[in-house]
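Hi everyone, thanks for coming. Today I'd like to walk you through some strands and how they pair up, so have a look at the structure on the screen.

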Amino acid sequence: FESVCTGAADGYARMSGQPALTLLHLGPGLANGVSNLHNARRAHSPVINPVGDQASWHLAADAPLTSDIASLARPVSGWVRSSTSAASLASDGADALAAAMGSPHRVATLIIPHDAQWDECEGPAPAPSYEDPHSVEASRVSACAEALRKESERVLYIGGSALGLRGLRAAARIRAASGCRVVHEIFPARLERGAGLPGFERLPYFPEQIMQTLEGVQSMVVAGTRPPVSFFAYQGLPSVPIPEQCEVLELASLADDAAAALESLADALGAGADFDTAAAAEFQLPSGALNADSMGMVVAALQPEGAVIMDEGATSSLSYSAYSQNSPPHTLLTLTGGSLGQGLPCAVGAALACPGRRVIALAADGSSMYSLQALWTMARESLDITVIVCANRAYRILQYELARAGIVEVGPRAQSLTDLTRPNLQWVNLAQGMGVPAASAQSAEDFATLLARALEADGPFLIEALI
């Protein structure tokens with residue numbers, strides 16, 4: 001299924017830093033992959049999509065698979081082109097690669113008519129050059145340093161490329177020198193975190209929570225991302241939940257070298273080399289009922305150093321996020337664009353990019369049904385992925401939104417649209433049917449035993465966590 005392909009390309013690109021190539025079949029194939037290309041676009045992943053099309057002279061016949069591919073591609077691509085002949089195909093491909101690897105990285109879609117594939121061509125095109133991240137002007141650094149020297153409430157808001165090791169260490173130096181708070185975006189494409197690394201606040205999800213977090217802030221310096229916005233519109237709440245009196249200064253845009261800009265800002269503030277880091281925790285494994293809290297604690301306690309965590313656990317993984325700040329160093333990938341079904345495919349791509357690193361997919365039961373076929377790929381490729389399905393048998397976020405809309409009593413028909421029962425999903429059977437060994441856990445002790453076993457074994461394993 002193409003959504004698995006595009007989601008895996010996203011995960012591969014995030015973890016390798018190299019362009020990922022999909023292969024999609026005409027407009028319907030692209031359409032099947034659009035949801036995870038939306039996420040890849042929000043993650044600024046370098047993904048190249050060659051999409052086959054009808055032969056140029058066959059388009060007018062309006063065959064069953066004919067569609068307006070360019071219109072489908074534009075909303076999820078930063079670059080779109082239709083090749084016109086075999087003679088231009090090699091240079092078109094080079095231009096797609098250059099577009100994908102430019103600054104910022106983007107999704108590039110190249111539409112290739114069938115006759116451009118079978119006609120004679122002249123050979124390969126020269127290797128393209130890439131646009132490097134832009135350097136930040138000294139005046140911008142000076143203005144941000146002046147804002148952070150003030151005695152008022154100040155926040156450094158970071159995301160994107162600022163969440164690599166260089167950017168995090170520079171941000172920690174800035175915090176030590178200025179006393180400002182550092183907050184990172186809620187859904188990072190890639191975040192290095194854990195014991196021994198700087199730990200920062202994560203922006204909350206709901207707008208009123210963001211407003212509370214940023215209450216009283218007079219200056220906000222933004223690096224590697226855009227200022228925070230509300231995920232959805234709510235009556236009586238602003239789209240941009242930043243205090244009206246807050247001055248927002250852009251240190252580094254998405255196209256800029258955010259890590260270098262943060263290092264320059266740290267130097268401008270006279271920051272030293274020392275900074276605070278998250279301490280390693282000695283976790284005590286919980287016992288008793290398995291719930292979202294105990295599940296998160298077990299994962300944080302047992303995950304190995306160097307693990308790659310793909311978090312699409314939604315409401316069920318909030319506790320894990322808090323506990324794992326003190327876990328061994330690891331990489332966190334999240335649901336950048338909000339389009340469900342990213343978790344399992346993205347984990348596939350991460351595992352392909354990082355052989356030797358354990359990948360843990362924190363997956364919600366509802367969203368995992370969007371891309372269940374990724375389990376088959378995990379089995380086929382013998383990927384070291386531990387899948388944890390948080391089986392609360394409900395679309396919990398939709399239930400939260402109903403409550404937030406003031407609907408106190410939900411009728412049986414509306415309730416049926418937000419639960420995953422009648423019948424219950426049998427995740428052990430689903431996984432085994434795809435070739436992935438699986439087991440179910442109902443207690444914290446069972447879950448810890450299964451997770452320890454899965455992390456030591458080669459290949460994929462799925463745990464159904466009944467929470």
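So, in what order do the 7 strands of the open sheet come? Reading across, we get β8-β13-β12-β14-β15-β17-β16, and the pairing is mixed. Just keep in mind that this is a predicted model.

At the edges of that sheet sit β8, residues 191-193, and β16, residues 438-441, and each of them pairs on one side only. Neighbouring strands here are turned by 20 degrees against each other on average, ignoring direction.

Let's zoom in on the β8 edge. Its partner is β13, residues 330-334, and the two pair in the antiparallel sense over 3 bridges. If you want a spot to click on, try Leu191: its bridge partner in β13 is Leu332.

Now to the helix. Which strands does helix α18, residues 444-456, lie across? They are β14 (359-364), β15 (385-391), β16 and β17 (461-466), and α18 runs at about 165 degrees to β17.

Okay, on to another set of strands. Strand β6, residues 154-158, pairs with β7, residues 181-184, in the parallel sense, over 4 bridges. One pair to look for is Val155 with its bridge partner in β7, Arg181. How does the chain cross from β6 to β7? The route goes through helix α7, residues 165-178, and this β-α-β crossover is right-handed.

Strand β7 also pairs with β9, residues 201-202, again in the parallel sense, this time over 2 bridges. There you'll find His184 opposite Arg202 in β9.

And as background for anyone new to this: strands of a sheet pair through backbone hydrogen bonds, either parallel or antiparallel.

Definitions and conventions: Residues numbered from 1 in each chain as written. Predicted model: local features only at pLDDT ≥ 70, side-chain atom pairs only at ≥ 80, totals over all residues. Heavy atoms only, no water. Pairing = 2+ DSSP bridges. Axes fitted to C-alpha atoms, helices over the stretch in contact; angles between N-to-C directions. Contact = heavy atoms within 4.5 Å. Right-handed = clockwise from strand over helix to strand, strands pointing away.
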